[in-house]
Each structure stands twice: as structure tokens, then as C-alpha cells.
Amino acid sequence: QVQLVESGGGLVQAGGSLRLSCAASGVIFRINAMGWYRQAPGKQRELVATITRGGSTNYADSVKGRFTISRDNAKNTVYLQMNSLKPEDTAVYYCNADLTPGPGYTGAGYWGQGTQVTVSS
């Protein structure tokens, strides 16, 4: 069984910063891509940023230059540093990991429970 546990959300004023963390645990052989998604009230879940095992990154246009995704493969952990936060960044942020539980298994996506980020104006 695999668990993804996010932390680091909270309430911050516009222009402030937060750092999210997501640690994967359980039966894990290899973690491939990891990423962060967010869902605001009344909206669909959207991609924020992804990172491959080798460190290649991809960002939504709305966060480029403000957010930085990184990962520590030894700790099975992905981070999201969020700077210059705006009220429109308010959402529940979800961690995602594509991983295999053992050699020869097909990769599958797993989700964390989400962490609330609220940016006040």
C-alpha cells in the first residue's frame, strides 16, 4: 500500500511564500514523475508543476517564475516552493506520484489527500 502525505499549506498574505512537501511511503520500488495539482472551489483540478525522476520540470503558465518544484529521490519526497503568492493561487493542492510497487509492475498514479492554501488580499 502506498501513501502520499502533503504538508505545508496554510494562510498567507498576497506576496508571501509557502513551501509544500509531499512524502511517499509504503511499498515502493521506483517513483517516476511527481507533481502538484490544485483545485479551486467550483473549478476543475489543474496541473501546477511536474518533475521527472531525472529532474526535468514543467510548469503551468500561471505559476512560471513564481513556483519551483524539486524532489529528493532518497526521501521519496517532492516539494513546491511558492513565492509571490496571489489570491488566485488559493486552492487545495494535491500531490501526485507515478510509481511502481515492484520490478515488472506497471506504473500507476497515486494522489495525496490535499492541503489547503489560502492567499488573502
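**Exercise 1.** In this predicted model, classify Asn76 as buried or exposed or in between, then describe its backbone and location.

*Solution.* Step 1: Asn76 has a relative accessible area of 24%. Partly exposed covers the range between under 20%, which is buried, and over 50%, which is exposed, so Asn76 is partly exposed. Step 2: its phi is positive, about 50°, although Asn76 is not a glycine. Most residues other than glycine have a negative phi. Step 3: Asn76 sits in the loop between β7 and β8.

**Exercise 2.** Do the corresponding analysis for Ser84.

*Solution.* Step 1: the relative accessible area of Ser84 is 41%, which makes this residue partly exposed. Step 2: Ser84 has a positive phi, near 50°, and is a residue other than glycine. Step 3: the loop between β8 and β9 holds Ser84.

**Exercise 3.** Assign the residues of strand β1 to its two faces and find its pairing with β3.

*Solution.* Step 1: in a regular strand the side chains alternate between the two faces of the sheet. Step 2: in β1 (residues 2-7), Val2, Leu4 and Glu6 form the covered face, while Gln3, Val5 and Ser7 form the uncovered one. Step 3: β1 pairs with β3 (residues 18-26) in the antiparallel sense, over six bridges. Step 4: Ser7 has Ser21 of β3 as its bridge partner.

**Exercise 4.** Describe the largest nonpolar core and the surroundings of Met82.

*Solution.* Step 1: the core contains 29 residues, and Trp36, Leu80, Met82 and Tyr93 have the most contacts inside it. Step 2: β9 contributes the most to this core, five residues. Step 3: beyond its neighbours within four places in sequence, Met82 is in contact with residues including Leu18, Leu20, Phe67, Tyr93 and Val117.

Technical notes: Residues numbered from 1 in each chain as written. Predicted model: local features only at pLDDT ≥ 70, side-chain atom pairs only at ≥ 80, totals over all residues. Heavy atoms only, no water. Buried < 20%, exposed > 50% of the residue type's maximum accessible area, 1.4 Å probe, protein only. Helix = DSSP H or I, 4+ residues; strand = E, 2+ residues; numbered from the N terminus. Pairing = 2+ DSSP bridges. Core = buried A, V, L, I, M, F, W, Y, C linked by side-chain atoms within 4.5 Å. Contact = heavy atoms within 4.5 Å.
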